[in-house]
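Work through the exercises below with the model open beside you. Each task is followed by a solution in steps.

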Amino acid sequence: MLNLPISSAKSMGIAIPKTYQWATISDGSKIQTYSADIKTLKVGGCTLNNVPATFSDTSSPYALFGESVIKKVSLVVANDRMKISCKG
C-alpha cells in the first residue's frame, strides 16, 4: 500500500475516485481516504505495477510506503541520503 496526499496524487496525474472511506489517524480524528490502484509507479530506478494506494488530504507532503512497496525495493540510508533500488 502507498499513501499519498491528494495534492501530490493530483500533481502526478492520478485521478482521485469519488467514493471514500473514513479513517482514524493517530490523534483520534477522522479523515476521508480514497483508494485506487496505481497502474505504474516509478520509485527510484524501480517500476512497480498495480500498486494499491490510498489518498488523503493531510498536512504532510510525504508519501508513506506500505509493505506492498517496501517488499519490492531496497532502502539504504547512508550519509543522510536514501538510496532506493529494486529487489532481485
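**Exercise 1. Set out the order of helices and strands from the N terminus on.**

Solution. The elements of this predicted protein run β-α-β-β-β-β-α-β-β. That gives 2 helices and 7 strands. Helices (H or I, at least four residues) and strands (E, at least two) are DSSP runs, numbered from the N terminus. Residues are numbered from 1 along each chain as its sequence is written. The model is predicted, so local features need pLDDT of at least 70, side-chain atom pairs count only at pLDDT 80 or more, and totals for chains, interfaces and linings use all residues; side-chain values use heavy atoms, with hydrogens and water left out.

**Exercise 2. State how confident the predictor is, and where confidence is lowest and highest.**

Solution. Begin with the average: pLDDT, the predictor's confidence in each residue from 0 to 100, has a mean of 90 in the protein. At least 70 is scored by 99% of the residues. Next, go to the elements. Helix 2 (residues 67-70) has the lowest confidence, at a mean of 87. Strand 2 has the highest, at 93. A general caution applies: where pLDDT is low, predicted coordinates should not be read in detail.

**Exercise 3. Describe the protein as a whole: its span, burial, contacts, surface and charges.**

Solution. Take the span: along its principal axes, the C-alpha trace covers about 35 × 30 × 20 Å. Then burial: of the 88 residues, 28% are buried. Buried means under 20% relative accessible area, exposed over 50%, and partly exposed in between (1.4 Å probe, protein chains only).

Turn to contacts, meaning heavy atoms within 4.5 Å. Among those with a separation of 6 or more, 42% join residues 24 or more positions apart.

Now the surface. The protein exposes about 6,200 Å², and carbon and sulfur atoms supply 52% of that area. Accessible areas come from the Shrake-Rupley method with a 1.4 Å probe; for residues, only the protein chains shown count as cover.

Last, the charges. There are 10 positive and 5 negative ones, and their mean positions lie 10 Å apart. Lys and Arg count as positive, Asp and Glu as negative; His and the chain ends are not counted. Each charge is placed at NZ of Lys, CZ of Arg, CG of Asp or CD of Glu.

**Exercise 4. Give the strand order of the open sheet and name the strands at the edges.**

Solution. The open sheet has 5 strands in the order 2-3-4-1-5, with mixed pairing. Strand 2 and strand 5 stand at the edges; each has a single partner strand, so one side of each is left without a neighbour in the sheet. Two strands pair if DSSP finds at least two bridges between them.

Check the pairs. Strand 3 (residues 30-43) and strand 4 (residues 46-56) are antiparallel over 10 bridges. They form a hairpin with 2 residues between them. Gly44 in that turn has a positive phi of about 60°. Thr33 stands opposite Ser56 in strand 4.

**Exercise 5. Place strand 1 among its partners and sort its side chains.**

Solution. Strand 1 (residues 2-5) runs parallel to strand 4, joined by 4 bridges. In strand 4, Ala53 stands opposite Leu2, and Thr54 opposite Asn3. Strand 1 also runs antiparallel to strand 5 (residues 64-65), through 2 bridges. There the bridge partner of Asn3 is Leu64.

Now sort the side chains. Leu2 and Leu4 point one way, Asn3 and Pro5 the other, and all are buried. In a regular strand, side chains alternate between the two faces of the sheet.

**Exercise 6. Is Thr58 buried, partly exposed or exposed, and which residues does Thr58 contact?**

Solution. Thr58 lies in the loop between strand 4 and strand 5. Its relative accessibility is 36%, so Thr58 counts as partly exposed. Leave aside neighbours within four places in sequence: Thr58 then contacts Pro5 and Ile31. The C-alpha atoms of Thr58 and Thr33 are separated by 9.8 Å, at 25 residues apart along the chain.

**Exercise 7. Examine the loop between strand 6 and strand 7 for positive phi values.**

Solution. Asn79 lies in this loop, between strand 6 (73-78) and strand 7 (81-86). Its phi is near 55°, a positive value in a residue other than glycine. Asp80 is in the loop too. Asp80 has a positive phi of about 60°, although it is not a glycine. Check exposure: Asn79 has a relative accessible area of 74% and is exposed. Asp80, at 81%, is exposed.
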